[in-house]
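Here are my notes for you, written to be read with the model open beside them. Take the points in order, or jump to whichever part you care about.

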Amino acid sequence: MKKYKAAKESRVVISELMLPSHSNFSGKIHGGYILSLMDQIAFACGSKHSEAYCVTASVDKVDFRKPIEVGELVTMKASINHVGTTSMVVGVRVEAENIMTGKVKHCNSSYFTMVAKNDEGKSITVPGLILENETAVRRFVRSIIRKEDASARKDRFKASEFRLEDHIQLLKEYNIQLAL
């Protein structure tokens, strides 16, 4: 009998105060540190849903919208947006709060594809996802479209089918010098 779980059963929220040791040379929190935290929360969320060890298969679109300052409280929220047979798309939202003013800013959202593994390292089937509201349906469908778009991009630029002359005009609009 197939098992299904609601996204709320595996949601994870973490908060961490940003310290000077997390900052880069410009005094902002290092993007690599934030990515590491995002991967950890995606792992926790995927593992809760699948009840298994998970590995990161891919990360889709990481845009750092606003810098995070030393002293801000970063809160990350993770939720299962989509499930396949052995994989899950975990949506991760990053917010930073100025703890003196209470002002919260959205700094990043990203999508981690996590794959559930057994003790031998083989991919295993994950529970299905119960879509409980319109937001859950929108997130699920958006994940399907994002996957289709990524596949189309990959197919469009296969080396064996790429024709330079089809793209030369486009390149004229960019700050490049062709030296072929």
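The numbered points below go from the overall layout to the helices, a few single residues and the pockets.

1. **Overall layout.** Please keep in mind that this is a predicted model. The protein has three helices and seven strands, and along the sequence they follow the pattern β-β-α-β-β-β-β-β-α-α. Its C-alpha trace spans about 55 × 50 × 35 Å along the principal axes.

2. **Burial and contacts.** Of the 180 residues of the protein, 33% count as buried. If you look at contacts with a separation of 6 or more, 69% of them are between residues 24 or more positions apart.

3. **Helix H1.** This helix covers residues 31–50. Its 20 residues should span 28 Å at 1.5 Å a residue, and the end C-alpha atoms are indeed 28 Å apart, so the two figures agree. Many names appear on its buried list: Ile 34, Leu 37, Met 38, Ile 41, Ala 42, Cys 45, Gly 46, Ser 47, His 49 and Ser 50.

4. **Just past H1.** What does the backbone do here? Right after H1, Glu 51 takes a positive phi of about 60°, although Glu 51 is not a glycine. Glu 51 sits in the loop between H1 and E3. With a relative accessible area of 54%, Glu 51 counts as exposed, because the cut-off for that class is over 50%.

5. **Lys 5 and its partner.** Is Lys 5 buried or exposed? Lys 5 has a relative accessible area of 7%, so it falls under the 20% limit and is buried. Lys 5 lies in strand E1, residues 4–6, and its side chain joins that of Glu 51 through a polar contact of 3.3 Å. This pairing brings together a buried lysine and an exposed glutamate.

6. **The surroundings of Lys 5.** Which residues does Lys 5 touch, leaving aside its neighbours within four places in sequence? One group in the list is Lys 48, His 49 and Glu 51, and the list also includes Pro 127, Gly 128, Leu 129 and Ile 130. His 49 is itself among the buried residues of H1, and strand E7 runs over residues 128–130.

7. **A second positive phi.** Lys 61 also has a positive phi in a residue other than glycine, with a value near 55°. Lys 61 is found in the loop between E3 and E4. The relative accessible area of Lys 61 is 54%, and Lys 61 is therefore exposed.

8. **Helix H2.** H2 has 23 residues, 134–156, and reaches 33 Å from its first C-alpha to its last, close to the 33 Å expected at 1.5 Å a residue. At its start, a side-chain oxygen of Asn 133 comes to within 3.1 Å of the backbone nitrogen of Thr 135. Ala 136, Phe 140, Ser 143 and Arg 146 are buried in H2. The buried residues of H2 pack against five strands that you can pick out in turn: E3 (53–60), E4 (73–83), E5 (87–97), E6 (104–117) and E7 (128–130).

9. **The largest pocket.** The volume of the largest pocket is about 330 Å³. Its lining has 14 residues, and the closest to the centre are Ser 58, Val 89, Thr 113, Ser 143 and Lys 147. E3, E5, E6 and H2 are the elements that give two or more residues to this lining, and H2 has the largest share, with six. By class, the lining holds four nonpolar, six polar and four charged residues. Ser 143 thus links two of my points: it is buried in H2, and it is one of the residues closest to the centre of this pocket.

10. **The second largest pocket.** This one has a volume of about 260 Å³. Among its 15 lining residues, Lys 77, Gly 91, Val 92, Arg 93 and Arg 139 are the closest to the centre. At least two lining residues each come from E2 (12–17), E4, E5, E6 and H2, and E4 gives the most, with four. The lining divides into five nonpolar, five polar and five charged residues.

Key
Residues are numbered from 1 along each chain as its sequence is written. This is a predicted model: local features need pLDDT of at least 70, side-chain atom pairs count only at pLDDT 80 or more; totals for chains, interfaces and linings use all residues. Side-chain values use heavy atoms; hydrogens and water are left out. The expected span of a helix is 1.5 Å times one less than its number of residues. Buried means under 20% relative accessible area, exposed over 50%, partly exposed in between (1.4 Å probe, protein chains only). Contact means heavy atoms within 4.5 Å. A polar contact is a pair of N or O atoms within 3.5 Å; within protein, one must be able to donate a hydrogen and the other to accept it, and residues adjacent in sequence count only if both atoms are side-chain atoms. On a 1 Å grid over the protein atoms alone, a cavity is a set of points where a 1.4 Å probe fits but cannot get out, and a pocket is an open set with protein on both sides within 12 Å along at least five of seven lines; lining residues have an atom within 4 Å of a point. Grid points are joined across faces, edges and corners, and a volume is the space filled by probe spheres set on the points. Ala, Val, Leu, Ile, Met, Phe, Trp, Tyr, Cys and Pro count as nonpolar, Asp, Glu, Lys and Arg as charged, and the others, Gly among them, as polar.
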